[in-house]
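Grab a pencil and work through a few short exercises. Each one sets a task and then walks you through a solution.

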Amino acid sequence: MTVAATTHRLHLKTNRTVDLTVDGQHVRVPEGSTIMKACQEVGIGTPTLCYEQTLTPVNACRVCVVEMEGSRALVPACARKVEPDMVIWTDSERVRHSRKLVLELLASSVDLSYAPDEVQGYLDHYDARPERFGPPDTSDGAVHRDHTQAGHHIPTTNGYAATVAQPPKIDNELYIRDYSRCILCYKCVEACGVDAQNTFAIAVAGRGFDAHISTEFAAPLPDSACVYCGNCIAVCPTGALIFKSEYDMRQAETWDEERQTETDTICPYCGVGCTLRLHVQDNRIVKVTSPMDHDVTNGNLCIKGRFGWQFVQNRARDTGVEESVGTS
Ligand code: SF4
Ligand code: SF4
Ligand code: FES
């Protein structure tokens, strides 16, 4: 195999570097970098679902796998650290086949209709055909998913694809949990745990296909340890966790991201001064996020910044002051 002459170098934070080859191109990266980072250095993208720059990689989705010479198994690019003289192939037949199957299994069992366009792009790129597993089986009582027991999986109806279909959990006014859209990427669990919030209100319950995200004893959110920071919503890649405001607008078919503007401002509630990103449609705030690349908040907020914005657009009713959200 020919190694291309181009050598790519980083602005190094340490003196130690690792040389490796990615798709025939030589790359030098700081020791401790991931294969994904090395791929980025030579302009090679890898699809990701469970990876998030602000979270510890958990290798849950396996859509980023690459082929490493000398390794029996494909390795996750988002988590595997580079080693000297590694030879990586990101677009081999084996890699494409694996990514395609992962995407097919996910798309056949999970409702991805709220997922970003990028995810549909992955399905198209790898020619994923989830329909080959049969039409979705929604007959096996999704209501039971919160109470499944290890070893008691209900078999799927013959010829139908098993799904995680279930009704959305609407138990508070701030956000909705619709686990029929959940790909079990673990991001919300990590954000609620040691990577951000340290509240541990949610975890993975069940085993195998019955594994699912749950509060303790499947308690409704108001009865759980949740503090409504919404940091789980911020990292959810499929829309399984969304603002109640977004949910209601989607139900009313008025949600339209093309008509929305985004404006950064500072949270008015305390001296920390988190950056808020206001998503505004028709001159009304429809949700609030925070930039992931902000070096103080890393996309995280507390309940006040995330959800305490209704007062802005209720001013007219309460005071007679003309309604305004400061954007247009
Ligand atoms: S809103 Fe915050 S506390 Fe509640 S489940 Fe999500 S991350 Fe955990
Ligand atoms: S709810 Fe969202 S963030 Fe949590 S595991 Fe499911 S897809 Fe991932
Ligand atoms: S993005 Fe690497 S395993 Fe999910």
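## Getting your bearings

The chain has eight helices and 15 strands. Keep in mind that this is a predicted model.

**Exercise 1. Work out how much of the chain is buried and how its contacts are spread along the sequence.**

*Solution.*
- Start with burial: the chain has 328 residues, and 35% of them count as buried.
- Next, take the contacts with a separation of 6 or more. Residues 24 or more positions apart account for 54% of these.

**Exercise 2. Find out how confident the predictor is, and where its pLDDT stays under 50.**

*Solution.*
- For the chain, the mean pLDDT is 89, and 90% of the residues reach 70 or more.
- Now look at residues 1-12: pLDDT stays under 50 there, and the model has 22 contacts beyond four places in sequence for them.
- Then turn to residues 322-328, where the pLDDT is also below 50. This stretch has 16 contacts in the model beyond near neighbours in sequence.

## The two ligands

**Exercise 3. Describe the shell around ligand 1.**

*Solution.*
- Count first: 13 residues surround ligand 1.
- Pick out the closest: Cys 192, Thr 199, Cys 226, Cys 229 and Cys 232.
- Ask which elements give two or more residues to this shell, and you get α4 (187-192) and α5 (231-235).
- Finally, sort by class: nine residues are nonpolar, four are polar and none is charged.

**Exercise 4. Do the same job for ligand 2.**

*Solution.*
- Ligand 2 has 14 residues around it.
- Those that come nearest are Cys 182, Cys 185, Cys 188, Cys 236 and Ala 240.
- By class, the shell splits into 12 nonpolar residues, one polar and one charged.

## Strands and turns

**Exercise 5. Lay out the open sheet that contains β13, β14 and β15, and say which strands stand at its edges.**

*Solution.*
- The sheet has three strands in the order β13-β14-β15, with antiparallel pairing.
- β13 (260-266) and β15 (284-289) each have a single partner strand, so each has one side without a neighbour in the sheet, and these two are the edges.
- Check the twist: neighbouring strands here are turned by 30° against each other on average, ignoring direction.
- Zoom in on one pair: β13 and β14 (residues 275-281) are joined by seven bridges. In that pairing, Ile 266 stands opposite Thr 275 in β14.

**Exercise 6. Trace the hairpin made by β10 and β11.**

*Solution.*
- β10 (residues 202-205) and β11 (residues 212-215) run antiparallel and are joined by four bridges.
- One bridge links Ala 205 to His 212 in β11.
- Six residues lie between the two strands, and Gly 206 in the turn has a positive phi of about 80°.

**Exercise 7. List the partner strands of β4 and find a residue pair for each.**

*Solution.*
- Take β5 (residues 75-76): two bridges join it to β4, running antiparallel. Val 66 has Val 75 in β5 as its bridge partner.
- These strands form a hairpin with six residues between them, and Gly 70 in the turn has a positive phi of about 95°.
- Now take β6 (residues 87-89), also antiparallel to β4 and joined to it by two bridges. Here Glu 67 stands opposite Trp 89.

## Single residues worth a look

**Exercise 8. Arg 62 and Tyr 186 both have a positive phi. Say where each sits, and whether it is buried or partly exposed.**

*Solution.*
- As background, most residues other than glycine have a negative phi.
- Arg 62 has a phi of about 65° and is found in the loop between α1 (35-41) and β4 (65-68). It has 17 C-beta neighbours inside 10 Å, so it counts as partly exposed.
- Tyr 186 has a phi of about 75° and lies in the loop between β9 (175-177) and α4. It is buried, because 21 other C-beta atoms lie within 10 Å.

**Exercise 9. Place Thr 238 and find what it touches.**

*Solution.*
- Thr 238 is in the loop between α5 and β12 (241-243).
- It has 23 C-beta neighbours inside 10 Å, so it counts as buried.
- Leaving out residues up to four places away in sequence, Thr 238 touches Leu 112, Tyr 114, Ala 115, Arg 181, Cys 182 and Ile 183.
- Compare sequence with space: Thr 238 and Val 110 are 128 residues apart in sequence, but 9.4 Å apart from C-alpha to C-alpha.

Terms used:
Residues numbered from 1 in each chain as written. Chains lettered and ligands numbered in written order. Predicted model: local features only at pLDDT ≥ 70, side-chain atom pairs only at ≥ 80, totals over all residues. Near = placed C-beta within 6 Å. Nonpolar A, V, L, I, M, F, W, Y, C, P; charged D, E, K, R; others polar. Buried ≥ 20, exposed ≤ 12 C-beta atoms within 10 Å, placed from the backbone. Contact = placed C-beta atoms within 7 Å. pLDDT = per-residue confidence, 0-100. Pairing = 2+ DSSP bridges. Axes fitted to C-alpha atoms, helices over the stretch in contact; angles between N-to-C directions.
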